[in-house]
Amino acid sequence: MLKKIPLLIILLIAGYAYAEPALEPIGRDDRILILAPHPDDETIGCAGVIQRAVAAKADIRIAYLTNGDHNQVAFIVFEKRLTFRKGEFIHMGEVRRSEAIKAMRLLGVSEKNLIFLCYPDFGTFTIFNQYWGEGRPFRSLLTRIDSVPYKENLSFGAPYKGESILNDIKKIILSYKPNKIFVSHPADVNVDHKSLYLFLQVALRDLKKELPNPKIYPYLIHCVGWPKPRHYHPELELVPPKKFSGSQINWSRLELKPGELERKYQATLCYKSQTQSSAFYLLAFARKNELFGDYAPVEIRNENKESAAFSGFSDIFTDMGAGQIIDVDEIVEGKGQVSYAVSGGDLLVRIDKSREVNNRFGAMLYIFGYSRNKPFSQMPKLRIITRHRSFKIFDGKAQLKEARIGLQLSAKELLLKVPLALLGGPDFVMTSVKTHAAGLAFETSGYRLIEIK
């Protein structure tokens, strides 16, 4: 008898390529919310979803975090002049807003269903990390503005602070009550794209008792060297970047009909302020399908045992059972991995290295904790910077001098031990790692949400 052959091998032998499962169909009862970091992201990432929702007569809203007014290169190419006057940046934001209205009208969405929050382009991650509570708000480097300057918008006059953005997102979700939310990806290299995903996660936790959990569909836009080839290739499929080939991202895809693909192409061209300098990139997303995917949820048990000594640190990752460790995206020369565990009230982080680099090896680790018992504005927001065998730790803008963090560097790994108390005793953490060696930066891992049980 012939041995059973796995289905995947049979398909490969037959000449079929593996394809991600289909996105769940959109029906008339769906309430779709698309969150876009900048005007044009909703089109290049979700134009097919938008058209499918319109065709199904589903209710749809599109909210823009920023007006994209910080893209100076695009401004120079589009306006054919160089300026640093505040009013010109506001003008550029108004141009992009009008382009979004035109693009969405082409896809069948009325202007009354568009929400422009108008927070600072290229500044929202810094706000998420550093600007909460008392003190001055964030001030945009180029525009020199510290509050929303666009009149007749939901957030006009709101200070550039984390509370402003979080409250606006919660207000949108509560008033609209979407059952499906499309949002920028946690592994996107653009800082505004990362921050929108993070703000959404906090907002949904804050609202957990007030509405059912919507399904979340992140879409990826910025990833180094992806998608390729560049330019408009409607005959090609959009496939996940190679760096995620072994990751824990659960991808799904929406196949576009010929008419949907053509309208996506035309809607992208509505963004003339961007396509004049970047058409080769934006139009590369007008392909046969759209991709959506998020990391699988992770839970780690806190055994509340005695704090682990570094001598037995690595054994913890070997001995703990399933669910105690997660291996996230490969980040060190395409080979190294990051793992997490919890023991004795400490969050343990292990960064595997692909080669022996000690004296010039370092990492930057962001850890944001969330607790149901404390407003997120009051939770620590840690940034740990290591270099060789030393480290600095910041909570927002303030450097912590007495933080009890442990660090150990060996030929094969970097080990960190961070007290959960320093993270505010979180129910879950949102964390990402970036490594560098010999002055060269390597990949940054996507943000992972780790539930601590």
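About 60 Å³ of space lies in the largest cavity of this predicted model, a convenient place to start a tour of the fold. In total, 3 cavities of 30 Å³ or more are counted. The lining of the largest one is made up of I44, G45, Y219, L220, I221, W226, L238, K264, F285, E290 and L291. By residue class, this lining divides into 8 nonpolar, 1 polar and 2 charged residues. Two or more lining residues come from each of the elements α2 and β7 (289–295).

Helix α2 leads on to the parallel sheet. This open sheet has 5 strands in the order β3-β2-β1-β4-β5, and its pairing is parallel. The edge positions belong to β3 (114–119) and β5 (215–219); each has a single partner strand, so one side of each has no neighbour in the sheet. Direction ignored, neighbouring strands are turned by 15° against each other on average. Within the sheet, β1 (residues 31–36) and β2 (residues 59–66) are paired in the parallel sense over 6 bridges, and A36 is found opposite Y64 of β2.

Two helices that pack on this sheet deserve a closer look. Helix α2, spanning residues 41–55, touches β1, β2, β4 (180–184) and β5, and the direction of α2 makes about 170° with that of β1. Helix α6, spanning residues 162–176, touches β1, β2, β3 and β4; here the angle of about 170° is made with the direction of β3. Helix α2 thus appears in two settings, as a contributor to the cavity lining and as a helix packed on the sheet.

Further along the chain, an antiparallel sheet comes into view. This open sheet has 4 strands, arranged in the order β9-β10-β16-β15. Its edges are formed by β9 (338–343) and β15, and since each has a single partner strand, one side of each is left without a neighbour in the sheet. From one strand to the next, the twist averages 15°.

Strand β16 (residues 413–419) runs antiparallel to β15 (residues 406–409), and 4 bridges join the two. The connection between β15 and β16 is a hairpin through 3 residues, and G406 stands opposite K417 of β16. Strand β16 also pairs with β10 (residues 346–352), in the antiparallel sense and over 7 bridges. In that pairing, D346 has P419 of β16 opposite. For readers following side chains along these strands, a general point helps: in a regular strand, side chains alternate between the two faces of the sheet.

Note on methods
Residues numbered from 1 in each chain as written. Predicted model: local features only at pLDDT ≥ 70, side-chain atom pairs only at ≥ 80, totals over all residues. Heavy atoms only, no water. Pairing = 2+ DSSP bridges. Axes fitted to C-alpha atoms, helices over the stretch in contact; angles between N-to-C directions. Contact = heavy atoms within 4.5 Å. 1 Å grid on protein atoms, 1.4 Å probe; cavity = no way out; pocket = protein on both sides within 12 Å on 5 of 7 lines; lining within 4 Å. Points joined across faces, edges and corners; volume = space filled by probe spheres on them. Nonpolar A, V, L, I, M, F, W, Y, C, P; charged D, E, K, R; others polar.
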